[in-house]
Amino acid sequence: MDIKVPAVGESVYEAVIARWLKKTGDVVAKDEPLCEIETDKVTLEVTSEADGVLTVLSGEGETVKIGAVIATIDARGAEAKEAPKPAAPQAPKKPAAQGAAPPMSPSGRKLARELGVEPGEVQGSGRGGRVTNDDLMKAQAAKGEAAQPAAVKPAPVEPEPATTSQPVTPPPAAPAPPQPKTAPKEAAEEGRIVRKPMTQIRKRIAERLVSVRQNTAMLTTFNEADMTEVIRLRKKHGEHFQKRHGVKLGFMSLFVRACCAALAEFPDVNANIEGDDIIYHNFCDIGVAVGGERGLVVPVLRDAEKMGLAEIELAIAEFAEKVRTNRIALSDLEGGTFTISNGGIYGSMLSTPILNPPQSGVLGMHNIQERAVVVDGQIVVRPMMYLALSYDHRIVDGKGAVGFLKLVKEYIEDPEEMLLEC
């Protein structure tokens, strides 16, 4: 049976083999992960489609076309290899112990290879013993510190020959001491920088960011929203909401609802340019930025205008879990007519979000901070959030952008009215 690179999307034509989880000659079972492949959008595992013995045809780091054969599985070989197993019951135990790897992400395993760290020797500090990138970096640093004393050990040995009163030995012993001194220095210099090749995903992100600047007339408008009523709403109904739906009532679902309502009033923000045409969408596929180990990804809430708050929160929670476990599919990321990014969870007070082409608008949420504001002629302290809307000025004019953001602000400051209209 041939193992081929799976099709992961219409716009993806090649992938890079990031890591083989099995090697030639290994007996594999059906649905067992064989390798990790990396495209310019996602990293995913290729699994075995049958029991048998694996033969690897393409090496790690090799770029392969979608549909290319990267390995084969021989079912007859599996029968031959499994026959001697009962005669030596202890044989399978040793490979199992050696092959047991701690839970970690594909990007973590790749970093481990680059740093020369064996994951099985690293104590994971993440959830469930998961090995994080910080764990790997600390392991590499500890490995370097352990290696340095070994290089210095020969130094104390040199003076002993010098005390033997042999007239010939002292001259060659003289140049020896500087060598241990320079070796750690060179090692230290090398440790000051780490050079790593860009991943396919990072390359693609870089290309898209540059493309946005070159091919759009991006502009950003700002406003701020008083979060008092939203916070009150969450405190009043949050406990009941979680008991009923099994998920917390967050800010993102309220902003998704507010944006869907505002997009209906300002359709240009929900449109995109295709050639010489403007494509208007009578639906809201809202991309929600979710942070992962490899950076931000933007899974899409399909027909978000038809979703309730609980449906939105559950969908976002599911996306976050997929991103954390590297199970996000390309179909989860494709499309989208508008994007929301919450930099506030990282502590950002104000930023300029960048467009996610071919979309014409992206809303940036930020950190909530108590500030002095004037309300009805009185200075009061209110929890305020800066909002930023970046838009493509080729299709969205300033009036429409400002009007859209102002309407989002009004919906957030009076959420009950927004929810009654839904």
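Trainee: So a salt bridge is a side-chain nitrogen of Lys or Arg within 4 Å of a carboxyl oxygen of Asp or Glu. Which residue does Arg382 form one with?

Mentor: Arg382 pairs with Asp226, and their closest N and O atoms are 2.8 Å apart. Keep in mind that this is a predicted model.

Trainee: Got it. Which strands do Arg382 and Asp226 lie in?

Mentor: Arg382 belongs to strand S18 (residues 378-392) and Asp226 to strand S9, so the salt bridge ties together parts that are 156 residues apart in sequence.

Trainee: Is Asp226 buried or exposed? And what about Arg382?

Mentor: Asp226 is buried, with 12% relative accessible area. Arg382 is partly exposed, at 24%.

Trainee: What does Glu224 pair with?

Mentor: The side chain of Glu224 meets that of Arg371 in a salt bridge, 2.6 Å from N to O. Glu224 sits in strand S9 (residues 218-226) and Arg371 in strand S17 (residues 361-375), so this pair ties together parts 147 residues apart in sequence.

Trainee: And how accessible are those two, Glu224 and Arg371?

Mentor: Glu224 is partly exposed, with a relative accessible area of 26%, while Arg371 counts as buried at 18%. Arg371 also has an aromatic contact: its charged end sits over the ring of Tyr386, 4.1 Å from the centre of that ring.

Trainee: Nice. Which ring does the charged end of Arg234 sit over?

Mentor: That would be the ring of Phe251, with the charged end of Arg234 4.2 Å from its centre.

Trainee: How many aromatic pairs does the structure hold?

Mentor: There is one aromatic pair in the structure.

Trainee: Back to salt bridges for a second. How many are there?

Mentor: The count comes to 14. Among them is the one between the side chains of Lys23 and Asp26, at 3.3 Å from N to O. Lys23 is exposed, with a relative accessible area of 55%. There is also a network of salt bridges that links Glu229, Arg232 and Glu416.

Trainee: Switching to cysteines now. How many disulfides are there?

Mentor: Zero. A disulfide is a covalent bond between the sulfur atoms of two cysteines.

Trainee: Why is there no bond from Cys284 to its closest cysteine sulfur?

Mentor: It comes down to distance. The closest cysteine sulfur to that of Cys284 is in Cys260, and at 4.2 Å that is too far for a bond. The cut-off for a disulfide is 2.5 Å between the sulfur atoms.

Trainee: And Cys259? How far is its sulfur from the closest cysteine sulfur?

Mentor: The sulfur of Cys259 is 7.2 Å from the one in Cys260, again too far for a bond. Cys259 is buried, with a relative accessible area of 0%, and Cys284 counts as buried too, at 7%.

Trainee: Last topic, the sheet with S1 in it. In what order do its strands come?

Mentor: The order is S1-S8-S6-S3: four strands in an open sheet with antiparallel pairing. Strand S1 (2-4) and strand S3 (27-28) stand at the edges, each with a single partner strand, so one side of each has no neighbour in the sheet.

Trainee: How many bridges join S1 to S8?

Mentor: Three bridges join S1 to S8, which covers residues 69-74, and the two strands run antiparallel. For instance, Asp2 has Thr72 as its bridge partner in S8.

Technical notes:
Residues are numbered from 1 along each chain as its sequence is written. This is a predicted model: local features need pLDDT of at least 70, side-chain atom pairs count only at pLDDT 80 or more; totals for chains, interfaces and linings use all residues. Side-chain values use heavy atoms; hydrogens and water are left out. Two strands pair if DSSP finds at least two bridges between them. Rings of Phe, Tyr and Trp (its six-membered ring) pair if their centres lie within 6.5 Å; planes under 30 degrees apart count as stacked, over 60 as edge-to-face and the rest as tilted. A charge sits over a ring if NZ of Lys or CZ of Arg is within 6 Å of the ring centre and within 35 degrees of the ring normal. Buried means under 20% relative accessible area, exposed over 50%, partly exposed in between (1.4 Å probe, protein chains only).
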